[in-house]
Amino acid sequence: MNHSHIENFVRDIPDFPKKGVLFKDITPLLANAEASQAMLEELLAPLKNIKIDKVAAIESRGFFFGILIAQALGVGFIPIRKPGKLPAETITESYSLEYGSSNLEIHTDAILPGEKVLLHDDVLATGGTAFAATRLIERLGGEVVQCAFLMELSFLNGREKLHKYQINSILNY
Ligand code: AMP
């Protein structure tokens, strides 16, 4: 299955969760085993010769493929979550949204200093969310070796915010 075929399993939902946003719905992709497998293979392809100790992914749509990537690589999975969800000691990073701001948290013992971490989320839009996640990983002493996304909304220039990192995004809009 090639890129354009995988693309058929991403559904555009206009004005969700609010007016003016074209939401990229990946539930059709998740519902199709062959398309999900093809997506996973695309995500894994550039990782063959890269050493990775952990996969960290952002709540909640990052978790779906984040766990699949971690399992395929044979490494541990680290959830980066919305405030108040992680039970043990955490650190927090705030980031700005279109209106206001939000926070992400990680357990302080999730990553050991020097560990090489792959960061994953479903969509790279403005890059604010992923950038906050890279800060959490780095504050724990981890090294972000790649930021991997199912898709990138390139007109929002998220790559600029993540210019320090290697980026793999499978679908581009
Ligand atoms: P940003 O911080 O602007 O890069 O936004 C990325 C986060 O918001 C990711 O966790 C995405 O799941 C979500 N997101 C942003 N825009 C969209 C969109 N058009 N469709 C689906 N998810 C989106």
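**Reading a ligand site and a buried serine**

User: Which of the 13 residues around the ligand come nearest?

Analyst: A residue is near a molecule if one of its heavy atoms lies within 4 Å of it. Of the 13 residues around the ligand, those that come nearest are Asp 121, Asp 122, Thr 126, Gly 127 and Thr 129. This is a predicted model, in which local features need pLDDT of at least 70, side-chain atom pairs count only at pLDDT 80 or more, and totals for chains, interfaces and linings use all residues. Residues are numbered from 1 along each chain as its sequence is written, and side-chain values use heavy atoms, leaving out hydrogens and water.

User: Which N or O atoms lie close to the ligand's nitrogen and oxygen atoms?

Analyst: A polar contact is a pair of N or O atoms within 3.5 Å. A side-chain N or O atom of Thr 126 is 2.5 Å from an oxygen atom of the ligand. From the backbone, an N or O atom of Leu 22 lies 2.9 Å from a ligand nitrogen atom, and one of Gly 128 lies 3.4 Å from a ligand oxygen atom. The protein covers 82% of the 480 Å² of accessible area (Shrake-Rupley method, 1.4 Å probe) that the ligand has on its own.

User: Is Ser 36 buried or exposed?

Analyst: Buried means under 20% relative accessible area, exposed over 50%, and partly exposed in between (1.4 Å probe, protein chains only). Ser 36 has 11% relative accessibility and therefore counts as buried. Ser 36 lies in helix 3 (residues 33-44); a helix is a DSSP run of H or I with at least four residues, numbered from the N terminus. Neighbours within four places in sequence aside, Ser 36 is in contact (heavy atoms within 4.5 Å) with Leu 29, Leu 30 and Phe 65.

Note on methods:
Helices (H or I, at least four residues) and strands (E, at least two) are DSSP runs, numbered from the N terminus. A polar contact is a pair of N or O atoms within 3.5 Å; within protein, one must be able to donate a hydrogen and the other to accept it, and residues adjacent in sequence count only if both atoms are side-chain atoms.
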